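Please open the structure in your viewer and keep the selection tool at hand. At each stop you will be told what to select, and then what there is to see.

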Amino acid sequence: MLRTLALSFCLFTTTAIAAEPVFDVHVHLRDGETSLRDYRETVRAAGLELSGIGVMWFGGPHQARQGDLAKIRAGNDRVIALAAARADVLPIATVHPYDGDAALAELARVAAAGVKVLKIHAHTQGFDVADPRVETLVRKAGELGIAVLMDNANILPGDSEKLFNLVVRVPKTKFILAHIGGLNFRFWNILALARTADGFGFENLYFDISATVLVVADSPVEEEFLWTLHNVGMDHVLLGSDYPQISLDATVKALDRLDLSDEEKAKIRSGNAMKLFGR
């Protein structure tokens, strides 16, 4: 009898977790409406419910290159239009930092259209995070109430360190670092030590665990990864799939396998993003 009750409780708990909505903060829609329909179909097939989707038009074969202002503007307009007709879609715009005043003007334009997130990617767009033009751009984003999503797969040595320095220099801008450093996630345990210094609260810094969570779940380094999540702060961890490269289903299943409490998983699945984006 006790065994049956215990099994029933486990099944109920698993079902309850699976039924909780998910906010996917990292979705690439390369073909607009068509990609969005395909994405929603994969989510429905997995039995998942969405509380929000952070969508961007670039990634993979579509990149926002320096000087390609017309393409960038058109791409931003597409995701703004998608969001205008769908309450759960959060449009993520982009610019190229090296476009200077033109980039700042486009940032102001998309902010006026309701965009709350800017995505820039140092390696695919070909810029140096330490360049002063990057700081100028992300500082302006903060003034406009726009969070900045940046790649942090730690593709090259020093990537995480440059991002750390940028966040320190621009404390009034909210940053979301995608992939939480990849397999260099250990670097971000420095936050626990940095916060002991006056004025270094890092309340403006968030991480999405897209892609990396698939590698660390059930791995020899999972315990270290969980230690890192606690050190960066469970209120500052977001879930992203990096679709179409990775499905939301696979990402959610990896999160569920982590040795976290139901409350912590609920924050990561949706709660933190809903609070951050005011949804």
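The tour below goes from helices to single residues and ends with some backbone details, and the model it follows is a predicted one.

**Stop 1: helix 2**

Begin by selecting residues 32–45, which form helix 2. At 1.5 Å a residue, these 14 residues should span 20 Å, and the C-alpha atoms at the two ends are indeed 20 Å apart, which agrees. Now colour G32, S35, L36, Y39, R40 and V43 within helix 2, since these are buried residues. Around the axis they cover an arc of only 135°, and therefore they sit on the same side of helix 2. If you turn the view to the face that points away from this buried side, you will find the exposed residues R37, R44 and A45.

What do the buried residues of helix 2 pack against? To see this, add strand 1 (22–28), strand 2 (50–56) and strand 3 (89–93) to the display, together with helix 3 (69–84) and helix 11 (248–257), for the buried residues of helix 2 pack against each of these elements. Before you leave, select G47, which comes just after helix 2 and takes a positive phi of about 75°.

**Stop 2: helix 3 beside helix 4**

Keep helix 3 in view and add helix 4, residues 101–112. Two packed helices are described by the angle between their axes and the distance between the axes. Here the axes of helix 3 and helix 4 come within 11 Å and cross at roughly 15°. Since an angle under 35 degrees counts as roughly parallel, this crossing makes helix 3 roughly parallel to helix 4. The crossing in which helix 3 passes helix 4 is right-handed. To look at the side chains involved, select L69, I72, R73, N76, D77 and I80 in helix 3, and then A102, E106, R109 and V110 in helix 4, which they meet.

**Stop 3: V25 in strand 1**

Go back to strand 1 and select V25, which is found there. Is V25 buried or exposed? With a relative accessible area of 5%, V25 is buried. Setting aside residues up to four places away in sequence, V25 touches several others, including G54, M56, I92, L149 and D208. If you draw a distance from the C-alpha atom of V25 to that of S241, it should read 7.5 Å, although the two are 216 residues apart along the chain.

**Stop 4: S270 in helix 12**

Next select S270, which lies in helix 12, residues 262–277. S270 is buried as well, its relative accessible area being 8%. When its neighbours within four places in sequence are left aside, S270 is in contact with P21, V22, F23 and S51.

**Stop 5: helix 10 and V232**

Move on to helix 10, residues 222–232, and colour its buried residues, which are E222, F225, L226, T228, L229, N231 and V232. Among the elements that cover them are helix 8 (190–194), strand 7 (205–208), helix 9 (212–216), strand 8 (237–238) and helix 11.

Zoom in on V232, which counts as buried at 1% relative accessibility. Apart from its neighbours within four places in sequence, V232 is in contact with W188, L191, R195, F207 and V237. Helix 10 is followed by G233, whose phi is positive, near 110°.

**Stop 6: K172 in a loop**

Select K172 in the loop between helix 7 (159–169) and strand 6 (175–178). In contrast with the buried residues visited so far, K172 is exposed, with a relative accessible area of 78%. The C-alpha atoms of K172 and A141 are separated by 9.4 Å, and along the chain these residues are 31 apart.

**Stop 7: backbone details**

Most residues other than glycine have a negative phi, and most peptide bonds are trans. Select N154 in the loop between strand 5 (147–151) and helix 7, where phi is near 55°, a positive value in a residue other than glycine. N154 is buried, with a relative accessible area of 18%. Then select H179 in the loop between strand 6 and helix 8, whose phi is also positive, near 80°, and which counts as buried at 7% relative accessibility.

Finally, select Y243 and P244, which are joined by a cis peptide bond with omega of about 10°. P244 lies in the loop between strand 8 and helix 11.

Key
Residues numbered from 1 in each chain as written. Predicted model: local features only at pLDDT ≥ 70, side-chain atom pairs only at ≥ 80, totals over all residues. Heavy atoms only, no water. Helix = DSSP H or I, 4+ residues; strand = E, 2+ residues; numbered from the N terminus. Expected span 1.5 Å × (residues − 1). Buried < 20%, exposed > 50% of the residue type's maximum accessible area, 1.4 Å probe, protein only. Arc of directions from axis to C-beta. Contact = heavy atoms within 4.5 Å. Axes fitted to C-alpha atoms, helices over the stretch in contact; angles between N-to-C directions. Parallel < 35°, antiparallel > 145°, perpendicular 65-115°, else oblique. Left-handed = near helix turned anticlockwise from the far one by under 90°.
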